[in-house]
Amino acid sequence: MFCRRRSLHPRRHAVIVGDFRARNGSACVKAFCFRAALLVIMVWGFSLAGSGAFAGEPPPGSSPANPKVWITGELKKWHTVTLTLEGPASDEQATPNPFRDYRLLVMFRHQRKEYVVPGFFAADGKAAETGATGGTCWQVRFTPDELGQWSYEVSFRTGPDLAVSFDPSLGTPCMGDGLRGTFSVGPSDKTPPDFRAQGRLRYVGEHYLRFAESGRPFLKAGADSPENFLAYVDFDGTRSLAAANGPPREGEARPRGLHTYEPHLRDWRPGDPEWRGGKGRGIIGALNYLASERVNSVYFLTMNVGGDGRDVWPWISPEVPDRFDISKLDQWEIVFSHMDRLGIMLHVVTQETENDQWLDGGELGVMRKLYYRELIARFSHHLAVVWNLGEENTNTDNQRREFAEYIRQADPYDHPIVIHTFPGKQEEVYRPLLGFAALEGVSLQTNDSYAQTRRWVEESRRGGRPWVVTLDEIGPADVGVKPDADDFWHDEIRKKHLWPVLMAGGAGVEWYFGYHFPHNDLDCEDWRSRDHLWDLTRHAVDFFEAHLPFTNMRAANELLRVDGQKEPASCCFALPGEVYAIYRPRRESLRLQLPERSDRFEVFWYNPRTGGPLQRGSVRILESPGQPHLGDPPSEPDQDWTILVRRLNRG
């Protein structure tokens, strides 16, 4: 389709398990400059943007004296544009190493805006279909965020371990270096939930991420399991090492082989992505189902070598973490692009506690930099990405800072970076990172959901850099969230975790599935096993999005009083004087402290078990000042309810 194919042979199925070692590398300095132009190529074809065709005709074969570059994709705002350069022929196992010893960067400019985007070796440019391991294609993926004309300029150099360095003085120019061109970008034609209608999800200095185009804040309602989501049978070079490493450790689920997601084949629809004549339908169907339930985030590891599952890695083999599996990563890209269209965020967990000391002995060396760089080069163009430094992380504070700073340097889009740690380790891991400029949030593992969420929301605000705090795992590990068949109403989940996290100022949840139950954290094949869980989660998000200016609200339990009790079980989230939300997990005679001015407030009740419209209870109007009773719910007074109190005649 694009470039000459150097080699094409079946994907490797044998995986060698051994002692993993990697060389350390030197620290890099963030800098960039481009050489004088060698050739200006005007890229035409804006009229073809809607078809995803070439922008201009594909060029004929090139030579070092006449290198070629062309643009593919829909030339629209927030849509992926792929720049393909016909460069030096190489292979996954070639010398020089195409992943380590070449550095492709492209500067995209629009008026005063600039993005320096890393590129990657792409074999024949269509490896997801062909399985090619070699060729002459080198690619850069870019998502323009402005209408009108963009220009690009290529920097393509070669040298030992040059890929992980930002030093512009290193390396030797190679075929294609200095190429320039332009292309024009029109408006997107997509509608939500497609992220291309909403823009990039970004950190804006608040406790919630926001979409750049719509400005809408994001409340996460996601799936934490299976963490080995990418251990999928139809991905090239994907194999389980679990049997070779003995039985699972205590506290670990027992994987049952690679995922097929067979129950979700019925959710695949004609026109949905696939590869190799029908592969990929199970995982695409699974995502379709999740999107139909308004699940908007999936948590997944991109590397679990030596950890739970032992069935996900981006390389041709875990023994050679500087040789990436091109066709596998191209197939990941197909899945991730479908997630964009469905409105599902990529929560990219880069390592776990069992292997966070593996690459470079836990340091920021060449292997770790290379790993981060390849993930960024291939996948950072997606609009909703969160980089997680590690599940249950045990690196040092200095290492965490170095990892985050390198990712921040390499990622042209500044996607949010977060970190996950063990219960009881939050103080040790999170406190030294308060105010750190390269960290946007924390990924909580806890059963003390309200207290931990409120604590780190407030601590980070006091630290000068408000964090996006989300609940991403609850325990115990063998239970987590049970299937609907075992716990249809999920009372504890709803009352202790879901609503309290949101009432504490948390930015959402992802649900972990315990290993003693079917469809667990490693062997989940059917997300319908928690179908009612997604409904309950959606009811909570619906309430917040429809009825609350939640980005301006704060936890305010001190405003609640309970007749005859010292401490309420209920929790309050408030923009004092304007709007109050109170989650009442059990029957309580509640009073609300209203402001010291004369005003009137209306009272509504919301059913967190069934969702639906607001309802009226026994009290309809409150008057301030004072501590008036909130009254009783419209029905089922012993069940949990959410109360909305808002000022009448608000502007």
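By class, the residues around the largest pocket split into eight nonpolar, twelve polar and eleven charged. Here Ala, Val, Leu, Ile, Met, Phe, Trp, Tyr, Cys and Pro count as nonpolar, Asp, Glu, Lys and Arg as charged, and the others, Gly among them, as polar.

A word on what you're looking at: this is a predicted model, where local features need pLDDT of at least 70 and side-chain atom pairs count only at pLDDT 80 or more, while totals for chains, interfaces and linings use all residues. Residues are numbered from 1 along each chain as its sequence is written, and side-chain values use heavy atoms, with hydrogens and water left out.

**The pocket**

The volume of the largest pocket comes to about 1,000 Å³. It has 31 lining residues, and T80, T82, E333, I334 and S337 are the closest to its centre. Two or more lining residues come from each of α1 (127–130), β7 and α3 (326–342), and α3 gives the most, with six. Helices (H or I, at least four residues) and strands (E, at least two) are DSSP runs, numbered from the N terminus.

For the terms: the search uses a 1 Å grid over the protein atoms alone, and a pocket is an open set of points with protein on both sides within 12 Å along at least five of seven lines. A cavity is a set of points where a 1.4 Å probe fits but cannot get out, and lining residues have an atom within 4 Å of a point. Points are joined across faces, edges and corners, and a volume is the space filled by probe spheres set on them.

**The cavities**

Searching the whole structure turns up five cavities of 30 Å³ or more. Here are the largest and the second largest:

| Cavity | Volume | Lining by class | Top contributor |
|---|---|---|---|
| Largest | about 140 Å³ | nine nonpolar, two polar, three charged | β19, three residues |
| Second largest | about 60 Å³ | eight nonpolar, one polar, three charged | β4, three residues |

The largest cavity has 14 lining residues, with L209, K220, V386, V468 and T470 nearest its centre. Both β15 (345–349) and β19 (468–473) put at least two residues into that lining.

Around the second largest cavity you'll find P98, F99, Y102, R103, L104, G119, F120, F121, W138, A163, R373 and E374. The elements supplying two or more of these are β4 (102–110), β6 and α4 (366–379).

**A sheet that shares residues with that lining**

F121 and W138 turn up again in an open sheet. Its four strands run in the order β2-β3-β7-β6, with antiparallel pairing. The edges are β2 (68–72) and β6 (120–121), each with a single partner strand, so one side of each has no neighbour in the sheet. Strand β6 pairs with β7 (residues 134–142) in the antiparallel sense over two bridges, where strands count as paired if DSSP finds at least two bridges between them. F121 sits opposite W138 in β7, and both residues line the second largest cavity. Strand β7 also gives two or more residues to the lining of the largest pocket.

**The chain as a whole**

The protein chain has nine helices and 28 strands. Of its 651 residues, 64% are buried (under 20% relative accessible area, 1.4 Å probe, protein chains only). Among contacts (heavy atoms within 4.5 Å) with a separation of 6 or more, 74% join residues 24 or more positions apart. The chain exposes about 23,400 Å² (Shrake-Rupley method, 1.4 Å probe), with carbon and sulfur atoms supplying 50% of it.

Methods. Buried means under 20% relative accessible area, exposed over 50%, partly exposed in between (1.4 Å probe, protein chains only).
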